[in-house]
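Student: Please take a close look at a single part of this model, the place where the two chains meet. I would like one connected account, with the surroundings included where they can be described.

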Amino acid sequence: MRFGKIMLSVVMSVMFVSLLFVTAGAAGKEPIKIGAILSVTGPASFLGEPEKNTLVMLQDQINKAGGIRGANLQVIIEDSKSDETQAVLAAKKLLEKDNVVAIVGPSTTGESMALVPIMNAAKTPLVSCAAGAPITNPVSEREWIFKTPQYDTSAVEAIYTYMKKHGITKVGIITIATGFGDAGKKALHEIAPKMGMTIVAEEKYGPKDSDMTTQLTKIKAAGAQAVINWSVGPGQVVVTKNWHDLKMGIPLYQSHGWGSKKNIELAGKAAEGVIAPLGRLVVWDKLSDKHPQKALLKKFESDYKALYKSEPGTFGGHAYDSLMMVVEAIKKVGPDKKKIRDYLETGITKMPGTGGVYTMSAKDHCGLDAGAFEMVVVKNGDWEILK
Amino acid sequence: MFTVFLQFLFSGLTVGAVYALVGMGFNIIYNSTSIINMAQGEFVVIGGLFMWFFSETVKLPFFLSAILTVLAAGFVGLLMERFTIKPLKSNDLLLMIMVTIAVSILMRGLLMFKFGKDPYSYAPFTEGEPLNIAGAVIQQQTLWVIGITACCIVLLFLFFNRTMMGKAMRACAVDTTAAKLVGINVSRVVMISFILSAMVGAIGGIAITPISLMEYDKGPMLAVKGFCAAIMGGLGRGRGAVIGGFAIGILESMTAGYIHSGMKDAVALVIMLAILFFRPAGLFGSVAMSKLRKF
């Protein structure tokens, strides 16, 4: 009995104190609640973890700077465990229990697609951190859905455009057997005829494979003028090493998943000469000072590194863009779901983010094109922007 | 054309060497306890990641790092046996296999906490260009892996057939009660088998990391392929696991080369199933002997 009483008083006082903390920050106003559904654990955790870190960091920064419209920002992060069902449950919880004004995430295309009907029915804006084109297309059926990562097809366009300039028309593609690789393969096939490219060989590998020389040998034998590898994770390093060992004599192109210094470290001198379309986050220090993204990228990357001792990577950037867009909207029009949605669609013009310079419209709920990428080559163990 | 074939073969050897080394680890514990240790893949991961830690972070010389890594892995094996297998005091093999699965999940979690989700690698044992044989290339590290695999087979063969301890371990696998009756300390045998297999796993991890990189969740894939290698060659047969490993590696590579890379896992597994249909005890196992065992 006595124990129960003590526990009760402890719980009560903890609740009271935490209540104090919540209200103390910004002049007694109700906090503005934004939900986030991220793959913090599970197979897609390499996306969800930097995304979560980014949101936590931004929430603190925004609240320290006085919050939004005098109210504190509260980002309620739910872990979807990289699973569609969990993502749906998390969305229902955020919408019904927490009454959030908007949701950021999920991290993967599959989970985002699962939330499309729910968000449309709840008339609450969703800004996804996943790249798949079907998330926001067709826009007529995706009224409440937005996304910040560049389209896969934009990355492909950037690669093909660069190749054409250098007289390459026949390519061999090698993709990882995951959602990321399959989406890339689809985009590579879709754009090829439009740009006059021919895919002469198409190979695959598993996410944990340790040798891809067989696939690369086949690509070479098929007469390709260049190899395009589409993957994230250790596979892209193994492909790079094998490509180097085989002395293939044709250039290796990587997807926009290549943009981590870690990859250069792991591949060592094998990485020299590898070309990839990358968002400007990894090459911000090489941009001219006049570039609209530079200041923002510098601050984001250095803040993140100071706090977490690791790179935010492209994926942390997606969460940054998604949250900042919603915050921008709330600053302008207040915490009203309909007004936020309308602002996202019409108000986001030439807004610099980590992924590019966003211009949304009633026809485009992503707001980026191939211009969001720079073609970057690895030179002397560092990135170099190709003109 | 021959060059291309040779390249496929070398690729298969590279992958197969990895499977073979992992497969051997399964045999050690199986040979003395009849348990299939599902955490075997994690021992390999420990080998790769600890080696990275000692050589790249602490910056110890190569040999010292390797010895420390193997000892550390052995210690993990010891802890695993003393804290999860021994307290069970059970003869139920299925239960013990379940426990090893639980341990593997736990180890993966701990490794993730320490090392994060990034892949790691360090320089190969010998620097330099890959060897070029008739136009096809093979990494020097692959030769190291094959050499280390060969050394391990010989040492383990000598241990299991020429030493008293090794023979005692094999006796335990067949019948623990009988082994106890002739005065074998069964508890110690089981402990040593876990230490030994953890060490062999770690040696494998140290050798393959420069080829395939290592990250915290590579264990299950390595365990599945290594286990396939072990049963294809006949569980408990040292050289069986090795030949099984190379066979699967080369099959995968040839399938990827001559059929399609999307089919490689499927074809390799189908052929493995076919072999087990016709030779249930594996390529080198004897059917009569396998009937005596519980698994």
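Tutor: What follows goes through the chain-to-chain interface, then two buried sites within one chain, and then the domain pair of the other chain.

The model is predicted. The contact between the chains draws 33 residues from chain B and 26 residues from chain A. Put together, chain B and chain A bury about 2,500 Å² between them, and 53% of that area is on carbon and sulfur atoms. On the chain B side, Lys117(B), Leu213(B) and Ser261(B) supply 18% of the area buried against chain A, more than any other three residues.

Charged and polar pairs come next. The rule finds six salt bridges across the interface of chain B and chain A. One salt bridge joins the side chains of Lys262(A) and Asp118(B), with an N to O distance of 3.4 Å. There are also 17 residue pairs in polar contact across the interface of chain B and chain A, counting pairs with both residues at pLDDT 80 or more.

As for secondary structure, three helices of chain B, α1 (2-33), α8 (186-212) and α10 (238-258), each supply at least two residues of the side that touches chain A. Of the elements on that side of chain B, α1(B) gives the most, with seven residues. By class, the side of chain B that touches chain A consists of 15 nonpolar, eleven polar and seven charged residues.

Two positions inside chain B can be described individually. Thr142(B) belongs to helix α5 of chain B, which covers residues 140-162. Thr142(B) counts as buried because its relative accessibility is 0%, under the 20% limit. Its side chain makes a polar contact with the side chain of Thr14(B), at 3.3 Å. Not counting residues up to four places away in sequence, Thr142(B) touches Leu13(B), Thr14(B) and Ile211(B).

The other position, Ala179(B), sits in helix α7 of chain B, residues 176-181. Ala179(B) has a relative accessible area of 2% and is therefore buried. With neighbours within four places in sequence left aside, Ala179(B) is in contact with Ala171(B), Cys172(B), Ile184(B) and Val186(B). Ala168(B) is eleven residues from Ala179(B) in sequence, and their C-alpha atoms are 7.5 Å apart in space.

Chain A has an internal interface of its own. The domain assignment divides chain A into domain 1 (29-150 + 297-368) and domain 2 (152-278). The C-alpha centres of domain 1 of chain A and domain 2 of chain A are 30 Å apart. Contact between these domains involves seven residues of domain 1 of chain A and eight residues of domain 2 of chain A. Domain 1 of chain A and domain 2 of chain A bury about 540 Å² between them, 49% of it on carbon and sulfur atoms. In domain 1 of chain A, the residues that lose the most area to domain 2 of chain A are Gln150(A), Glu311(A) and Thr314(A), which together account for 57% of what that side buries.

Between domain 1 of chain A and domain 2 of chain A the rule finds zero salt bridges. The count of polar contacts between the two domains of chain A is one residue pair, with both residues at pLDDT 80 or more. The side of domain 1 of chain A that touches domain 2 of chain A divides into four nonpolar residues, two polar and one charged.

Conventions
Residues are numbered from 1 along each chain as its sequence is written. Chains are lettered from A and ligands numbered from 1 in the order in which they are written. This is a predicted model: local features need pLDDT of at least 70, side-chain atom pairs count only at pLDDT 80 or more; totals for chains, interfaces and linings use all residues. Side-chain values use heavy atoms; hydrogens and water are left out. Domain bounds come from an automatic or database domain assignment. Contact means heavy atoms within 4.5 Å. Buried area is the accessible area (1.4 Å probe) that two parts lose on being put together, summed over both. A salt bridge is a side-chain nitrogen of Lys or Arg within 4 Å of a carboxyl oxygen of Asp or Glu. A polar contact is a pair of N or O atoms within 3.5 Å; within protein, one must be able to donate a hydrogen and the other to accept it, and residues adjacent in sequence count only if both atoms are side-chain atoms. Ala, Val, Leu, Ile, Met, Phe, Trp, Tyr, Cys and Pro count as nonpolar, Asp, Glu, Lys and Arg as charged, and the others, Gly among them, as polar. Helices (H or I, at least four residues) and strands (E, at least two) are DSSP runs, numbered from the N terminus. Buried means under 20% relative accessible area, exposed over 50%, partly exposed in between (1.4 Å probe, protein chains only).
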